[in-house]
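Biologist: Could you take me through one part of this protein slowly, beginning with the stretch that carries a database annotation and then working outwards to what surrounds it along the chain and in space? I would like one connected account.

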Amino acid sequence: MFENLSERLGGVFDRLTKQGSLSDEDVKTALREVRVALLEADVSLPVARDFVKAVQDKATGQAVTKSITPGQQVVKIVHDALIDTLTGEGEPGALKIDNAPAPILMVGLQGGGKTTTTAKLAKRLKDREGKRVLMASLDVNRPAAMEQLAILGKQIGVDTLPIVKGEDPVAIAKRAKTQASMGGYDVYMLDTAGRLSIDEELMQQVEAVRNVANPRETLLVVDGLTGQDAVHTAQNFDDRIGITGVVLTRMDGDGRGGAALSMRAVTGKPIKFVGLGEKMDALETFEPERIAGRILG
Ligand code: GDP
């Protein structure tokens, strides 16, 4: 569907006079194509603009090596710059979960994949790090969501906090903390309620839960296919709640991954994991290389 960026740039450079180094004009022409490719990959306009400008400064005057064409050279510079932007601090996928029991707060909009991701992450912590995990659903308005977490817990062999009817989210969070301490759990995960859109009531509720839980990690789960909406959601949650990382779901879909770049550039928060399907094992550490390749097509 998308023309490969390398091929497209190859065409551009064929029309230019080749010299020993990349001229300002060469780079400008090539970067116009790069900008289009970024926009097609659903990177937001201001982010694409800033990114291209940074690359332009880096690329101008670079010697053209004989082994690759000028087009390929610009693609390489762009690729490296994408990796730089996408790479967060520290090891990707690493969570601060020392000092048991460590609370992890899961936040996001309804349908983004929050409950599924909570269970996937619990399974990962159990299987890969040998952690004892307790999960609790705080979605008191949707009994089905609470049930869903309990069902997933059984499926993956992770305990869930028993459901008590009529309890509010803050009370559930407190009970989860007590049970996690008394039961010798390493981690307890709080799956907060989602709404179809951000509203004041949702934010107040999540804020109240955050205040009692004092989470070590607050992970925002967002649908990676929603592009700019995902970035706005991240910005809102970060401003209001303060997130420590992002999980992009549905990256098994045919989106081009531009949301990841915008997300990093706008919020500065690391993308820790990506969801790659509905199965409980379909959660992977975020790999900048893979997304960079996908964005460039
Ligand atoms: P929540 O409302 O945010 O808790 O969303 P759910 O966890 O209930 O997920 C909504 C739907 O998205 C479910 O059918 C999940 O199986 C599906 N889902 C979640 N993560 C992924 C993913 O990474 N890829 C795909 N293809 N589907 C996902």
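Modeller: Over residues 270-283 the chain is 0% helix and 43% strand, and the C-alpha atoms at the two ends are 16 Å apart. That stretch is the one covered by the annotation "domain: SRP54-type proteins GTP-binding", which comes from an unreviewed UniProt entry. Please keep in mind throughout that this is a predicted model. As background, the protein chain has 11 helices and 8 strands, and buried residues make up 50% of its 297 residues. Among contacts between residues at least 6 apart in sequence, 76% join residues at least 24 apart.

Let us turn to helix α10, residues 258-267, which packs with helix α9, residues 228-240, at an angle of about 30 degrees and with the axes 9 Å apart. Since angles under 35 degrees count as roughly parallel, α9 and α10 are therefore roughly parallel to each other, and their crossing is right-handed. On the α9 side the contact is made by Q228, A230, V231, A234, Q235 and D238, while α10 contributes A259, S262, M263, V266 and T267. Sorted by class, this contact has 6 nonpolar, 4 polar and 1 charged residues.

The loop between β6 (245-249) and α10 holds G257, a residue that counts as buried because its relative accessibility is 8%, and buried means under 20%. G257 touches A41, M251, I291 and I295, leaving aside residues up to four places away in sequence. The C-alpha atoms of G257 and A292 lie 8.2 Å apart in space, although the two residues are 35 apart in sequence.

Two residues of the contact between α9 and α10, Q228 and S262, also appear among the partners of S44, which touches L39, Q228 and S262 when residues up to four places away in sequence are not counted. S44 is found in the loop between α2 (24-40) and α3 (45-59), and with a relative accessibility of 12% it counts as buried.

The two helices on either side of that loop, α2 and α3, have axes that come within 10 Å and cross at roughly 150 degrees. Because angles over 145 degrees count as roughly antiparallel, α2 and α3 are therefore roughly antiparallel to each other, and α2 passes α3 in a right-handed crossing. In this contact D24, V27, K28, L31, V34, R35, L38 and L39 of α2 meet L45, A48, R49, F51, V52, V55, Q56 and A59 of α3. By class there are 11 nonpolar, 1 polar and 4 charged residues in the contact of α2 with α3. L39, which belongs to this contact, is also one of the residues touched by S44.

For a contrast in accessibility, consider A100, whose place is in the loop between α4 (70-86) and β1 (102-107). A100 counts as exposed, because its relative accessibility is 51% and exposed means over 50%. Not counting residues up to four places away in sequence, A100 touches Y185 and D186. The C-alpha atoms of A100 and I77 are separated by 44 Å, with the two residues 23 apart along the chain.

Technical notes
Residues numbered from 1 in each chain as written. Predicted model: local features only at pLDDT ≥ 70, side-chain atom pairs only at ≥ 80, totals over all residues. Heavy atoms only, no water. Axes fitted to C-alpha atoms, helices over the stretch in contact; angles between N-to-C directions. Helix = DSSP H or I, 4+ residues; strand = E, 2+ residues; numbered from the N terminus. Parallel < 35°, antiparallel > 145°, perpendicular 65-115°, else oblique. Left-handed = near helix turned anticlockwise from the far one by under 90°. Contact = heavy atoms within 4.5 Å. Nonpolar A, V, L, I, M, F, W, Y, C, P; charged D, E, K, R; others polar. Buried < 20%, exposed > 50% of the residue type's maximum accessible area, 1.4 Å probe, protein only. UniProt positions renumbered as here; feature names shortened; annotations may be inferred.
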